[in-house]
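Okay everyone, let's get going. Have the structure up on your screens, and shout if you lose me along the way.

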Amino acid sequence: MNRNIAIPAPSTLSEDDLSLLLNFINLFNYIHLCSVFKKSTVEVLDTTLRDGSQTANIGFTLKDKIRIALELDQLGVDYIEGGWPGSNPKDKEFFSVIKKVSLSKSKIAAFGSTRRKDISAKDDVSLNSIIDSDVEVAVLFGKSWDLHVKDVIKSSLEENLEIVYDSIYYLKSHGLSVIFDAEHFYQGYKENSEYATKVIKTAQDAGADVIVLADTNGGTTPYEVFEITKSISEQISARLGVHMHNDIGCGVANSILAIKAGATHVQGTINGIGERTGNADLIQIIPTVFYKMGMNILNGEKSMVKLKEISRLVYELAGINPNPYQPYVGDNAFTHKAGVHVDAVMKIPRAYEHINPQMVGNRRKFVISEVSGTSNLVSYLKELGIELDKRDPRLKTALEMIKEKENTGYSFDIAPSSAVLIVFKALGIYQPFIKLDYWKVIGESSGLSIAVVKVNSELEVAEGVGPVHALDKAIRSALTKVYPEVSSIKLTDYRVILPGEVKNTESLVRVTIEFSDGRMVWKTEGVSTNVIEASVLALIDGLDYYLQVNKKIKGALSSLEV
């Protein structure tokens with residue numbers, strides 16, 4: 001832009017003209033400053049539907065892939081790599097179905113390889129399958145490591161450059177935007193930087209819209225990624241992107257440092273699923289770019305609050321349990337256990353939290369355990385409408401009781417509601433709603449069980465699929481006569497673990513049960529050398545907690561001196 005503006009001498013201008021000119025100059029300077037300080041934008045290409053499908057023990061159905069694509073579009077992802085249409089019928093069908101769906105932002109991209117050697121681009125099946133998939137964008141990978149060129153595809157270095165050029169040019173001639181993934185680029189650059197650079201410059205000359213540097217075996221260190229990416233960013237004019245794998249646990253770090261070095265296009269998968277140890281996790285990259293680096297990505301804050309939701313969806317469709325330790329969105333990402341930490345977070349959340357958990361769709365949690373302080377107990381009571389000073393001596397009594405229980409095998413950070421019952425008893429507000437006098441279970445070879453219980457002097461018998469189901473039905477049958485609200489409770493999860501050393505069939509067993517009434521969710525547990533007895537203890541605690549909380553909210557708080 002030419003900034004040499006000719007300004008007439010002030011003496012030749014009227015006062016109004018001079019004022020108008022000064023306003024124009026101020027406006028020009030403002031526009032210039034905005035252009036200088038405008039935040040950079042990072043494009044996102046999600047490869048969950050392809051790289052994610054290559055994960056061991058994960059296989060998405062066509063319906064799964066369509067659902068994930070729709071959610072990625074709502075998240076604001078720029079490109080969704082739908083798969084490799086030339087490799088399998090499912091991917092081919094995906095492109096046929098998805099083009100009938102109206103997407104709000106995302107562009108669907110088809111994946112494929114450069115042409116085979118000794119064959120023309122127009123006769124290459126892989127390239128033509130991309131064209132036939134009727135997409136706007138092609139993601140094309142080609143060799144940039146001379147090892148692969150000479151020893152894998154058995155080609156000459158010069159012929160590989162021709163393969164790259166021809167393939168990109170052919171797709172561009174058919175009106176497609178081309179994202180070129182330079183496979184094994186970082187490994188190739190470290191061994192033969194001149195040739196690796198030639199490959200990406202050839203791709204640029206052929207018309208590639210985005211040049212992507214791939215750490216395909218995931219073995220490059222962050223400092224190497226930064227130095228190499230920065231060097232390349234100064235040598236090409238096309239948009240620069242990166243595609244990182246996680247083989248040394250640096251997929252996310254490498255992506256962030258590559259962006260810092262000049263990349264403005266990043267690829268990865270939701271939750272980092274992918275072949276071997278996985279790909280770079282977009283769930284970690286996206287909020288880091290937005291909140292920590294101050295760059296534009298996706299739809300800004302509107303996208304950030306959806307991250308936990310889409311993370312859970314992909315875990316569910318992949319058939320694997322969510323990682324509770326996953327940064328930003330894991331259940332433990334903003335969970336505080338140590339008493340000192342809880343006390344500080346309750347006063348100033350940022351003392352131990354790098355962002356507000358709600359900014360990524362997560363929430364803060366405090367857990368109760370043997371390493372907890374009274375602040376942990378205060379936080380739980382506060383959620384129930386009970387305000388107490390953390391120095392209340394009754395809380396210290398409750399904490400000692402909790403620690404004694406954990407010493408016998410309980411783990412209240414997993415099932416805090418059982419610990420809350422102990423706190424109620426220490427505070428003197430516990431009410432004996434349930435009295436289990438007797439229980440017995442008879443198992444049958446058919447898999448059915450019969451449970452006999454005596455609860456609150458009521459004798460009940462029930463048949464169920466297994467002993468726990470039968471006991472649950474019998475106990476509820478007795479309780480609903482007095483507390484009909486118990487019928488709304490559902491068991492949503494049941495788990496058995498051995499918390500200590502396995503000695504024999506009489507080893508200690510911990511049973512954790514999750515409950516829900518459609519409004520709230522809570523967990524309780526029981527510990528015993530008998531798995532059925534441990535289940536009974538967890539069941540009773542779960543029903544008891546519900547009654548204690550509901551009765552307390554309805555007026556029992558009046559008995560508590562605070």
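So, strand 3 and strand 4, residues 137-143, run parallel, and five bridges join them. Keep in mind that this is a predicted model. If you want one pair to click on, take Ser113: its bridge partner in strand 4 is Phe141. How does the chain get from strand 3 to strand 4? It goes through helix 4, residues 125-132, and that β-α-β crossover is right-handed.

Now look at the other neighbour. Strand 2, residues 79-83, also pairs with strand 3, in the parallel sense, over four bridges. Here you can find Ile80 standing opposite Ile108 of strand 3. And there's a β-α-β unit on this side as well: strand 2, then helix 3 at residues 89-98, then strand 3, and this unit is right-handed.

Okay, so is strand 3 mostly buried or exposed? Count along residues 107-113: six of the seven are buried, so the strand is largely enclosed by the rest of the structure.

Let's jump to somewhere else in the chain. Which residues make up the nonpolar patch on the surface with Val496? They're Tyr494 and Val531, and the three together have about 220 Å² of accessible area. Val496 itself is part of strand 15, residues 490-497. Why do we call Val496 partly exposed? Its relative accessibility is 41%, and the partly exposed class lies between the 20% and 50% cut-offs.

One bit of background for strands: in a regular one, the side chains alternate between the two faces of the sheet.

That's my tour, thanks for listening!

Terms used
Residues numbered from 1 in each chain as written. Predicted model: local features only at pLDDT ≥ 70, side-chain atom pairs only at ≥ 80, totals over all residues. Heavy atoms only, no water. Buried < 20%, exposed > 50% of the residue type's maximum accessible area, 1.4 Å probe, protein only. Helix = DSSP H or I, 4+ residues; strand = E, 2+ residues; numbered from the N terminus. Pairing = 2+ DSSP bridges. Right-handed = clockwise from strand over helix to strand, strands pointing away. Patch = residues over 30% accessible without salt bridge, like charges linked within 9 Å, V, L, I, M, F, W, Y side chains within 5 Å. Areas by Shrake-Rupley, 256 points an atom, 1.4 Å probe, with all protein chains shown as cover. Salt bridge = Lys/Arg side-chain N within 4 Å of Asp/Glu carboxyl O.
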